[in-house]
Amino acid sequence: QVQLAESGGGLVQPGGSLRLSCAASGSIFSIYVMGWYRTAPGKQRDLVATITRGGNTSYASSVKGRFTISRDNAENTVYLQMNSLKSEDTAVYSCYAACRSSDSAPIRNCWGQGTQVTVSS
C-alpha cells in the first residue's frame with residue numbers, strides 16, 4: 001500500500017503565501033502523475049494542479065499565475081507553492097497520486113488525508 005501525507009497547511013492573511021508538501025511512503029513501485037485537489041466548504045472537490053513525472057504541469061484557471069506545483073521524483077514528494085492567497089482559496093487541500101505498489105499491481109488512485117488552508121485577516 002502507498003500512503004500519502006500532506007503538511008504545510010495553516011492560517012494565512014490575504015496576499016500571503018504557503019507551501020504544501022505531500023510525501024508518498026509505504027510499498028512504492030512507481031508514482032505517475034501527482035496533483036493537488038481542494039474542497040471548499042459546501043462545495044465539491046476541484047482540481048488545483050497536476051504534474052507528470054517528466055515535469056509537465058497544468059493548473060486550474062483560478063490559481064494560474066499564483067500557484068506553482070513541483071515534485072521530487074527521488075523523494076516521491078510533490079509540492080504546491082501558493083502565493084497571493086485569497087479568501088476564496090480557503091479549503092481542505094488533498095494530495096493525489098496515480099501509484100503502483102508492485103509491478104504486478106494495477107495503477108490506483110492514492111489520496112492523502114488533506115490539510116486545511118484558511119485565508120483570513
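Accessible areas here come from the Shrake-Rupley method with a 1.4 Å probe. With that in hand, let us walk through this predicted model.

By that method, the protein chain exposes about 6,200 Å² of accessible surface, and carbon and sulfur atoms account for 45% of this area. Buried residues form 42% of the 121 residues in the protein chain.

What secondary structure does the protein chain have? You will find 11 strands and zero helices, so the radius of gyration is a natural next stop: at 14 Å, it is close to the 14 Å that the globule rule gives for 121 residues, so the protein chain is as compact as a globular protein of that length. Along the principal axes, the C-alpha atoms of the protein chain fill a box of roughly 50 × 25 × 20 Å.

Here are the charged side chains of the protein chain.

| Set | Side chains in the protein chain |
|---|---|
| Positive | 11 side chains |
| Negative | 7 side chains |

The centres of these two sets lie 5 Å apart.

Contacts also reach across the sequence: among those in the protein chain between residues at least 6 apart, 56% join residues at least 24 apart.

Now for a closer look at one residue. Isoleucine 69 belongs to strand 7, which spans residues 67-72. Is isoleucine 69 buried or exposed? Its relative accessible area is 4%, which is under the 20% cut-off, so isoleucine 69 counts as buried. Beyond its neighbours within four places in sequence, isoleucine 69 is in contact with several residues, including Met34, Trp36, Ile51, Tyr59, Val78 and Leu80. Serine 120 lies 51 residues away along the chain, and its C-alpha atom is separated from that of isoleucine 69 by 23 Å.

Methods:
Residues numbered from 1 in each chain as written. Predicted model: local features only at pLDDT ≥ 70, side-chain atom pairs only at ≥ 80, totals over all residues. Heavy atoms only, no water. Helix = DSSP H or I, 4+ residues; strand = E, 2+ residues; numbered from the N terminus. Rg over C-alpha atoms; globule rule 2.2 N^0.38 Å. Buried < 20%, exposed > 50% of the residue type's maximum accessible area, 1.4 Å probe, protein only. Contact = heavy atoms within 4.5 Å. Lys, Arg positive; Asp, Glu negative; His and termini not counted. Charge placed at Lys NZ, Arg CZ, Asp CG, Glu CD.
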